[in-house]
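Visitor: Could you walk me through this one? I'd like to go over charges, cysteines and strands.

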Amino acid sequence: MTRIVCVGITVLDRIWYLDDLPKEGGKYVAKDYTEVGGGPAATAAVAAAKLGAEVDFIGRVGDDDTGRRLLAELESLGVKTRYTRVFKGARSSQSAVLVDGCGERVIANYPSPDLPVTADWLCDIDFSQWDIVLADVRWHDGAKQAFTLGRQQGIPTLLDADVTPQDIAELIALSDHAAFSAPGLQRLTQLDKAEDALKKAQTLTNGHVYVTQGRDGCYWLENGALCHQSGFEVNVVDTTGAGDVFHGALAFSLGQQSTAADAVRFASAVAALKCTKPGGRAGIPDCDQTRSFLSLFV
């Protein structure tokens, strides 16, 4: 069984479904509403567990109702939270998510300032027990510490390189695989063309670099050459968490020693299927469902 650790943030997503996303101030009526755990690393962990991996999530929550709910949900979905720290008197992180009738969304994230950013306590954890370490950029110190410890044990590292206020160059340098969102790559490189941006990002690491572009699929470099996996056509209901699920599936596939091309194809299918149901986690398929879906495109 593939063993994965996901390091980063977990948040409570409060999701409102509307016909159209607001374009100006005013009052709007939602068609539906739900609450579900979210956060890049946490949702990636759920995806990897659904696919059959043995998964740990390492993060930080407060000792409030939200924090208890987030950890209980992760455990119920097969993700172990034994190393996650609960901070007394702290508020947990939350997000407000607006989703339109085409599944596109706007997210306002509130990363709790009550949760200490320091990650020295990760040194007490044996990272040699995992096959791959995934981390998001939302807890910079946690990602840096986890990658440093993982690499010391010869464990591959995968960075979910999304937009963040901090410079992530040092995290990219510690990554064996850096999978960017399109905005994250553009912010880092100040370049719009995928090939040029990836080649610039490649100068920061000896590992592999990728960029996801939603419906347009995923681009990555293979021996300096640009490769592309098209997006899979599905009936999109909600794109919330699609990138996070992609990263979890990519970690799962890479942890099984798949080639970059096979790993990207597999992860793209998992992310596409996720988008067919509302919420960031409800639509995540298992391995059998994913392989059955992929068999339609042989």
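Guide: Let me begin with a term we will need: a residue is called buried under 20% relative accessible area, exposed over 50%, and partly exposed in between. Please keep in mind that this is a predicted model.

Visitor: Fine. Where does Cys-123 fall, buried or exposed or partly exposed?

Guide: Cys-123 has a relative accessibility of 45%, so it counts as partly exposed. Cys-6, by contrast, is buried, because its relative accessibility is 0%.

Visitor: And how many disulfides does the count come to?

Guide: The count comes to 0 disulfides, where a disulfide would need a pair of cysteine sulfur atoms within 2.5 Å.

Visitor: Why is there no bond from the sulfur of Cys-6 to the closest cysteine sulfur?

Guide: The closest cysteine sulfur belongs to Cys-287 and lies 15 Å from that of Cys-6, which is too far for a bond. For Cys-123 the closest cysteine sulfur is the one in Cys-6, and at 19 Å that is also too far for a bond.

Visitor: Changing topic, how many salt bridges does a search of the whole structure find?

Guide: The search finds 14 salt bridges. One of them joins the side chains of Arg-69 and Glu-35, with a distance of 2.7 Å from N to O. Since Arg-69 belongs to helix 2 (residues 65-76) and Glu-35 to strand 3 (residues 32-38), the pair ties together parts that are 34 residues apart in sequence.

Visitor: What are the relative accessible areas of those two?

Guide: Arg-69 is partly exposed at 38%, and Glu-35 is partly exposed as well, with a value of 25%.

Visitor: Which residue forms a salt bridge with Asp-56?

Guide: That is Arg-82, and the closest N and O atoms of the pair are 2.7 Å apart. Asp-56 sits in strand 4 (residues 54-58), while Arg-82 is in the loop between strand 6 (79-80) and strand 7 (85-87), so that the pair links distant parts of the chain, 26 residues apart. Asp-56 is buried, with a relative accessible area of 1%, whereas Arg-82 is partly exposed at 46%.

Visitor: What about Arg-138, which residue does its side chain meet in a salt bridge?

Guide: The side chain of Arg-138 meets that of Asp-162, at 3.1 Å from N to O. Here both residues lie in loops, Arg-138 between strand 10 (132-136) and helix 3 (140-152) and Asp-162 between strand 11 (157-161) and helix 4 (169-173), so the salt bridge ties together parts that are 24 residues apart in sequence.

Visitor: Which residues do salt bridges with shared partners join into one network?

Guide: The network consists of Glu-54, Asp-56, Lys-80 and Arg-82.

Visitor: On to the strands, then. In what order do the 4 strands of the open sheet come?

Guide: The order is 3-2-8-9, and the pairing is mixed. Strand 3 and strand 9 (105-110) are the edge strands, each pairing on one side only. On average, neighbouring strands of this sheet are turned by 20° against each other, with direction ignored.

Visitor: How many bridges are there between strand 8 and strand 9?

Guide: Strand 8 (residues 93-99) pairs with strand 9 over 6 bridges, in the antiparallel sense. Ser-95 stands opposite Asn-109, which is in strand 9.

Visitor: Last one: is Thr-2 buried or exposed?

Guide: Thr-2 is buried, with a relative accessible area of 8%, and it lies in the segment before strand 1 (3-7). Among the residues that Thr-2 touches are Ala-53, Glu-54, Asp-131 and Phe-252.

Conventions
Residues numbered from 1 in each chain as written. Predicted model: local features only at pLDDT ≥ 70, side-chain atom pairs only at ≥ 80, totals over all residues. Heavy atoms only, no water. Helix = DSSP H or I, 4+ residues; strand = E, 2+ residues; numbered from the N terminus. Buried < 20%, exposed > 50% of the residue type's maximum accessible area, 1.4 Å probe, protein only. Contact = heavy atoms within 4.5 Å. Salt bridge = Lys/Arg side-chain N within 4 Å of Asp/Glu carboxyl O. Pairing = 2+ DSSP bridges. Axes fitted to C-alpha atoms, helices over the stretch in contact; angles between N-to-C directions. Lists of a residue's contacts leave out its neighbours within four places in sequence.
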